[in-house]
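Open the model in your viewer and keep the sequence panel in sight. This tour goes stop by stop, with something to select at each one.

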Amino acid sequence: MAPIETPVPYRLQCIVHRESAGGIIIHDEQIPGATDEAAVATAKARFTQLLSGRSGSAALRDPAGRVVWSARQTPPPGTVGSGIP
């Protein structure tokens, strides 16, 4: 019988820009994943959900603290979250 792979906790750290006086929202949460690829797929989906059409950036770190994925998204000018009317 093959050993069962236990998901390890990756860290997803996101900064989401808001159009209010607060300016940004910072998210830091665990993402389970048996492999880097599985954790990256989950992190991409979560990052899209957190942005909700706003701009922001994210980094996914493995258990050793190395960045295994990062992204930045800026909405087109004139859309919600772009900061440009």
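A salt bridge here is a side-chain nitrogen of Lys or Arg within 4 Å of a carboxyl oxygen of Asp or Glu. Arg46 and Glu29 fit that rule: the closest N and O atoms are 2.8 Å apart. Keep this pair in mind for a later stop. Note also that the model is predicted.

**Stop 1: the whole chain**

Show the chain as a cartoon. You should find one helix and four strands. Follow the chain along its sequence and the pattern reads β-β-α-β-β. The chain has 85 residues, and 26% of them are buried.

Now switch on the surface. The accessible area of the chain is about 5500 Å². Carbon and sulfur atoms account for 57% of that area. Contacts across the sequence come next. Take the contacts between residues at least 6 apart in sequence: 46% of these join residues at least 24 apart.

**Stop 2: the sheet**

Select the four strands. In what order do they lie in the open sheet? The order is E2-E1-E3-E4, and the pairing is antiparallel. The edge strands are E2, residues 24–33, and E4, residues 67–73. Each of these two pairs on one side only. On average, neighbouring strands of the sheet are turned by 15° against each other, direction ignored.

Zoom in on E3, residues 56–61, and its neighbour E4. The two strands run antiparallel, and six bridges join them. Click Gly56 to see one end of a bridge: its partner in E4 is Gln73.

**Stop 3: Ser57**

Move to Ser57, in strand E3. Is Ser57 buried, partly exposed or exposed? Its relative accessibility is 24%, so Ser57 counts as partly exposed.

Show what surrounds Ser57. Leaving out residues up to four places away in sequence, Ser57 touches Gln13, Cys14, Ile15, Phe47, Ala71 and Arg72. Then pick Val16. Ser57 and Val16 are 41 residues apart in sequence, yet their C-alpha atoms are 6.7 Å apart in space.

**Stop 4: the salt bridges**

Side chains of opposite charge can pair when their charged atoms come close. How many salt bridges does the structure hold? It holds three.

Start with Asp28 and Arg11. Their side chains meet in a salt bridge, 2.7 Å from N to O. Asp28 is in strand E2 and Arg11 is in strand E1, residues 8–17. The pair links distant parts of the chain, 17 residues apart. Asp28 is partly exposed, at 44% relative accessible area. Arg11 is partly exposed too, at 29%.

Return to Arg46 and Glu29, the pair from the opening, with 2.8 Å between their closest N and O atoms. Arg46 lies in helix H1, residues 36–51, and Glu29 lies in strand E2, so the pair ties together parts that are 17 residues apart in sequence. Arg46 has 24% relative accessibility and counts as partly exposed.

The next pair to select is Arg66 and Asp62. Their side chains meet in a salt bridge at 2.9 Å, N to O. Check the accessibility of each partner. Arg66 counts as exposed, at 55%. Asp62 counts as buried, at 7%.

**Stop 5: the aromatic pair**

A pair of aromatic rings is described by the distance of the centres and the angle of the planes. The count in this structure comes to one aromatic pair. Select Phe47 and Trp69. Their ring centres are 6.0 Å apart and their planes stand at 75°, so the pair is edge-to-face; the cut-off for that label is over 60 degrees.

Where do the two residues sit? Phe47 is in helix H1 and Trp69 is in strand E4. The pair links distant parts of the chain, 22 residues apart. Phe47 is buried, with a relative accessible area of 4%. Trp69 is buried as well, at 13%. Buried here means under 20%.

**Stop 6: Ala41**

Keep Trp69 selected and add Ala41, found in helix H1. The C-alpha atoms of Ala41 and Trp69 are separated by 9.8 Å, with their positions 28 residues apart along the chain. Ala41 counts as partly exposed, at 48% relative accessibility.

Key. Residues are numbered from 1 along each chain as its sequence is written. This is a predicted model: local features need pLDDT of at least 70, side-chain atom pairs count only at pLDDT 80 or more; totals for chains, interfaces and linings use all residues. Side-chain values use heavy atoms; hydrogens and water are left out. Buried means under 20% relative accessible area, exposed over 50%, partly exposed in between (1.4 Å probe, protein chains only). Contact means heavy atoms within 4.5 Å. Accessible areas come from the Shrake-Rupley method with a 1.4 Å probe; for residues, only the protein chains shown count as cover. Two strands pair if DSSP finds at least two bridges between them. Axes are lines fitted to C-alpha atoms, for helices over the stretch in contact, and angles run from 0 to 180 degrees between N-to-C directions. Rings of Phe, Tyr and Trp (its six-membered ring) pair if their centres lie within 6.5 Å; planes under 30 degrees apart count as stacked, over 60 as edge-to-face and the rest as tilted.
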